[in-house]
Amino acid sequence: MRAYILKLTFEGIKPEVWRKVIIPVGATFNRLHETIQYVTNFKSYMEPYHHFCFPLEDVMITNNEELIEQKELNGKKVKQPSRIKIDQYIEKNGKILYQYDFGDNWEITITLEDTVDDYYFGYPTLLDGGGMAPPEDVGGPVGYMNFLEIIHDPTHPQYTSTREWAESVGYKPLNIDHINSLLKHVKFKKTEWEHIHHENYLIISDKYRGSEVIDPEKVANKELIYDYIVSCTNLYGIVPNYKVIHIYNLQNKPKITSKELQAITTDSKYKKLLEEANVVVKLDRFIHKTLEENNITEKLEQLVVGKPFYIPEKEELLRYKDEFYYEETKYHRELIKILERVEGLESRLIQELVDDFVWKIKVMNYKFNIIMREFLNQFVFENVNQVNEITRVIFSIANTTRLWDNRGYTPKELTDLSKPKQTKVVVGAKIGRNDPCHCGSGKKYKKCCGR
């Protein structure tokens, strides 16, 4: 089957965002539009969310019904995208333009890189890509560049709200395997299975789509991957698959893919181990069993939207394989000493009570007042001074505990993260253009006072 290899490049934004796809000949412009939507962070593949057009030499191809009814625009005929195939236009010109969302005015250049005869699937495949594609309704190229500045600057007053919005509209890193599973919905030709190495229509190997079958035993460092899944789930409560992959690949080699992660989580051995470790595998994320049992998964998902993930060093992260692990501070030790003095209990029993208390704060900090009251009700205090003393320590513990509500950050860390960073400037010293600006804005000098 003949197919086109196309490179899709966003215009007007930096760093460059691009995708390389292969699509069978005979695709209509509507199928090409759907393909572009699937391989980016746009959403019109689900419904006609925005208008789009392909402005060609002699014709305007668009889904805008008002323009279609006019039948002509600026001397060009207006046609529906579902009735015209891309073949003659892409082969003749080698390049066409895709315009999307007439408010944001996105432009993506589609370049023909090659034509092949050995592609056998009736739908497109994403071969490669670079950069996170812009989210829907961000305001076009100019709005996107401003958006990037904000989400990379924790001191910006709109940082939290912008990250929250971005996550809510599906702004995610490129995941080729996941996108290729979705692209099967853009099927418009018969797949030639007789030319494909498959078993019961499960791809064993293919030049363009790789393999859908991965033997877990052949995945490198599978035990370590399992440890990361458990550790991340215990640290965050809820963690998307792509974030586990991202963190693992930051700290280890060789890197893993989403297919390899899936091979681990669907293997009978590791499915049982994950279940025993209280990790629930659900759709595209891992969830601690406690959340599911108490019906608070949705609550936590609402609380964490837009917050960054705290990522400790590898050695520290893997300590969270123990679900009851927490970073002990002087406040924990102080609390134990106070309780030993008040109750006269054994250190072991007091340690268990404190561990249970910290666990509850970590899991459900939004119920902190209730948790604290229940904890204090276990003890009998001689006077109000003892109550005040222990309450002070409890608040210090809560402020320095890594919370699921904060995706692993302590409340203090998350507060400090949003504070403007002060920069000391030596009198007479020259400030580099890429140095932090001396005004404390958190921006580089060249983008602030050095303009």
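## The largest pocket

The largest pocket has a volume of about 1500 Å³. It is found in a predicted model. Its lining counts 50 residues, and the closest to the centre are Met-132, Lys-172, Pro-173, Tyr-242 and Lys-243. Several elements give two or more residues to this lining: α4 (140–151), α5 (159–168), α6 (176–182), β12 (238–240), α8 (241–251) and α12 (297–304). Helix α8 gives the most, with six residues.

What classes of residue make up the lining of the largest pocket? There are 29 nonpolar, ten polar and eleven charged residues. The position of the pocket follows from its lining. Domain 1 (3–133 + 174–184) and domain 2 (217–320) both contribute residues, so the largest pocket lies between them.

## The second largest pocket

The second largest pocket holds about 1100 Å³ of space. It is lined by 48 residues. Those nearest its centre are Asn-175, Asp-177, His-178, Ile-179 and Ser-181. At least two lining residues come from each of α1, β9, α6, β11 (202–205), α8, α9 (258–266) and β14 (285–288).

By class, this lining divides into 24 nonpolar, 14 polar and ten charged residues. Where does the second largest pocket lie? Domain 1 and domain 2 both give residues to its lining, so this pocket lies between them. Helices α6 and α8 are among the elements that line the largest pocket. Both helices also appear in the list for the second largest pocket.

## Domains

The domain assignment splits the chain into domain 1 (3–133 + 174–184), domain 2 (217–320) and domain 3 (330–401). Note that domain 1 is written as two stretches of sequence. The C-alpha centres of domain 1 and domain 3 lie 60 Å apart.

## The nine-stranded sheet

Now to the strands. Nine of them form an open sheet with mixed pairing. Their order is β5-β6-β4-β3-β7-β8-β1-β2-β9. Which strands stand at the edges? They are β5 (72–73) and β9 (125–130). Each has a single partner strand, so one side of each is left without a neighbour in the sheet. Strand β9 also supplies at least two residues to the lining of the second largest pocket.

Follow the pairs inside the sheet. Strands β1 (residues 3–10) and β8 (residues 106–116) run antiparallel and share eight bridges. Here Tyr-4 stands opposite Thr-115 in β8. Strands β3 and β7 are also antiparallel, with two bridges. In this pair Phe-52 faces Tyr-100 in β7. On to β3 and β4: three bridges join them in the antiparallel sense, and Phe-54 stands opposite Ile-61 in β4. These two strands form a hairpin with three residues between them. In a regular strand the side chains alternate between the two faces of the sheet.

## A helix across the sheet

Helix α1 (residues 29–39) lies across β1, β2 (18–24), β3 (52–55), β4 (59–62), β7 (95–100), β8 and β9. It runs at about 65° to β7. Helix α1 also gives at least two residues to the lining of the second largest pocket.

## The three-stranded sheet

A further open sheet has three strands, in the order β12-β14-β13. Their pairing is antiparallel. The edge strands are β12 and β13 (279–282), and each pairs on one side only. Direction ignored, neighbouring strands of this sheet are turned by 20° against each other on average. Helix α7 (residues 222–236) packs on the sheet and touches β12, β13 and β14. The direction of α7 makes about 60° with that of β14.

Look at the β13 and β14 pair. Four bridges hold these strands in the antiparallel sense. The bridge partner of Lys-282 is Arg-285 in β14. Helix α8 lies across β12 and β14, running at about 75° to β12. Recall that α8 gives the most residues to the lining of the largest pocket.

## A short hairpin

Strand β10 (residues 197–199) runs antiparallel to β11, and three bridges join them. His-197 has Ser-205 in β11 as its bridge partner. Their hairpin has two residues between the strands. Which residue of this hairpin takes a positive phi? It is Asn-200, with a phi near 55°.

Methods: Residues numbered from 1 in each chain as written. Predicted model: local features only at pLDDT ≥ 70, side-chain atom pairs only at ≥ 80, totals over all residues. Heavy atoms only, no water. Pairing = 2+ DSSP bridges. Contact = heavy atoms within 4.5 Å. Axes fitted to C-alpha atoms, helices over the stretch in contact; angles between N-to-C directions. 1 Å grid on protein atoms, 1.4 Å probe; cavity = no way out; pocket = protein on both sides within 12 Å on 5 of 7 lines; lining within 4 Å. Points joined across faces, edges and corners; volume = space filled by probe spheres on them. Nonpolar A, V, L, I, M, F, W, Y, C, P; charged D, E, K, R; others polar. Domains from an automatic or database assignment.
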